[in-house]
Amino acid sequence: MFYTLDTLDRADHIRKDEDALEILRQRSDARIVPVWNNLSLVTKVDSKHPPQALYLDSDYSVPNGQHVFLGLDGDIPFFAVDVSVLNDEESATLSSVGKDRSGTARSGEFADLRQVGPALPGQDGSVLAYARGLIFWNSNTGFCTRCGYSKVSSNGGHARKCTNTECNYLAFPRTDPAVIMLVTYSPPDGGEQLCLLGRSPAWPEGVFSTLAGFVESGENLEAAVQREVLEEVSVHTKDVRYVASQPWPFPRSIMLGFEAIATTTDIRCDPDEIADAQWFTREQLKGFGNWGDDSEGNKLPRPDSIARFLIDRWMVGAA
Ligand SMILES: [Zn+2]
């Protein structure tokens, strides 16, 4: 599963030890993952060479840059740093001094991980997603939600503490749970099994995917699956079963993947959320194009997504 191939030891016992963090920060072999306005540094993308993540040397520093300790790869410390203070020209200069995982200097560019992620090596994609999510949270958690005072980084960037000494509220990164589900239907006459896919009005033309939605307060995951399917396409379901999960820090979700059995088949789409939804056979899905290609007709979702994982699983009969 993409974005779960992170081999970093998150080493949370080091996060509260400022002296140990400073020693790691100054290590000559430390690797810095820069994040510029939510974009990640990768080798220049072209059709012949898939992108790779690029890292900065440990002596790189940026004024007021938020540092986050990501963890250790073996003995090598990894940090993320927010370089959004740089202007376009400065960020272009920075993108020319990165090194790949082997330490080779490579020319790069800042790119949206949601665009280049599927082509990255799995470990690179996981580290960049982790860095992006934590930098996003730090840069969007400037003030205390209890008293309104400013907050400062704590625990190596994994917490933010209120500066009001009468408050001292410590906030931790939040992850929003979302359910995503492959709904199937087996006709009672023994006909071919079908799966239910829909498309959001905001998606590229022709892309169909599994339905999904956020878990609401006071709701368990199974109820969220049934509610979302009913709300979005008016289909009733049963036998909700957990399959797998995937971090999706764009900006801060985790996708919890399920399968469910439909007990009704009539589709009525909620036009605010679903432009179209249909039942498909496996044979029909085999004729679909891929997300991002320039083919006409229907397409499967992006290859780095749990939606695609659930669909591919069903295609080979595992679901
Ligand atoms: Zn406070």
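A disulfide is a pair of cysteine sulfur atoms within 2.5 Å, and with that cut-off in mind the legends below turn to close-up views of a model that is predicted.

**View 1. Cysteines without a disulfide partner.**
A search of the whole structure finds 0 disulfides. Cys-195 is in no disulfide, and the nearest cysteine sulfur, which belongs to Cys-269, is 14 Å away. Seen from the other residue, the sulfur of Cys-269 has its closest cysteine sulfur in Cys-195, and this distance of 14 Å is too far for a bond. The surroundings of the two residues can be described as well: Cys-195 counts as buried, with a relative accessibility of 0%, whereas Cys-269 is partly exposed, with a relative accessible area of 29%.

**View 2. The zinc ion and its four cysteines.**
The zinc ion has as its protein donors the SG atoms of Cys-144, Cys-147, Cys-162 and Cys-167, which lie 2.3 to 2.4 Å from the ion. Because the 4 donor atoms around the zinc ion subtend angles of 94 to 115°, the arrangement is tetrahedral. Read along the sequence, the donor residues follow the spacing C-x2-C-x14-C-x4-C. Distant parts of the chain are linked by the pair Cys-144 and Cys-162, which are 18 residues apart: Cys-144 is in the loop between helix 5 (122-139) and strand 6 (151-154), while Cys-162 is in strand 7 (residues 159-162). Both Cys-144 and Cys-162 are buried.

**View 3. Cys-147, one of the zinc donors.**
Cys-147, whose SG atom is among the protein donors of the zinc ion, has its place in the loop between helix 5 and strand 6. With a relative accessibility of 31%, Cys-147 counts as partly exposed. As a guide to distance in the model, the C-alpha atoms of Cys-147 and Val-45 are separated by 45 Å, and these residues are 102 residues apart along the chain.

**View 4. The largest pocket.**
The largest pocket holds about 860 Å³ of space. It is lined by 30 residues, of which Ile-180, Trp-203, Ala-212, Trp-248 and Met-255 are the closest to its centre. Two or more residues of this lining come from each of helix 4 (113-116), strand 9 (176-185), strand 10 (194-199), strand 11 (211-214), strand 12 (237-248), strand 13 (253-262) and helix 8 (306-315). Strand 11 gives the largest share of the lining, with 4 residues. Sorted by chemical character, the lining of the largest pocket consists of 16 nonpolar, 9 polar and 5 charged residues.

**View 5. The second largest pocket.**
About 440 Å³ of space is found in the second largest pocket. Its lining has 23 residues, and those closest to the centre are Arg-10, Tyr-130, Leu-134, Thr-175 and Pro-249. Helix 5, strand 12 and strand 13 are the elements that give two or more residues to this lining, and helix 5 supplies the largest share, 6 residues. By chemical character, the lining of the second largest pocket divides into 12 nonpolar, 6 polar and 5 charged residues.

**View 6. A cis peptide bond in a loop.**
Phe-250 and Pro-251 are joined by a cis peptide bond, for which omega is about 10°. Pro-251 lies in the loop between strand 12 and strand 13, and both of these strands are among the elements that give two or more residues to the lining of the second largest pocket.

**View 7. Two residues with positive phi that are not glycine.**
Asn-37 is not a glycine, yet its phi is positive, at about 50°. Its place is in the loop between strand 1 (31-36) and strand 2 (39-43), and with a relative accessible area of 42% Asn-37 is partly exposed. Asp-239, also a residue other than glycine, has a positive phi near 50°. Asp-239 lies in strand 12 and, at 53% relative accessibility, counts as exposed.

**View 8. Helix 8 and the glycine that follows.**
The buried residues of helix 8 are Ile-306, Ala-307, Arg-308, Leu-310, Ile-311 and Trp-314. An α-helix has 3.6 residues a turn, so residues three or four places apart point the same way. Gly-317 follows helix 8 and has a positive phi, near 85°. Helix 8 is also among the elements that give two or more residues to the lining of the largest pocket.

Methods. Residues numbered from 1 in each chain as written. Predicted model: local features only at pLDDT ≥ 70, side-chain atom pairs only at ≥ 80, totals over all residues. Heavy atoms only, no water. Donors = N, O, S within 2.8 Å, 3.2 Å for Na, K, Ca; no water. Tetrahedral: all angles 85-135°; square planar, octahedral: opposite > 155°, others 65-115°. Buried < 20%, exposed > 50% of the residue type's maximum accessible area, 1.4 Å probe, protein only. 1 Å grid on protein atoms, 1.4 Å probe; cavity = no way out; pocket = protein on both sides within 12 Å on 5 of 7 lines; lining within 4 Å. Points joined across faces, edges and corners; volume = space filled by probe spheres on them. Nonpolar A, V, L, I, M, F, W, Y, C, P; charged D, E, K, R; others polar.
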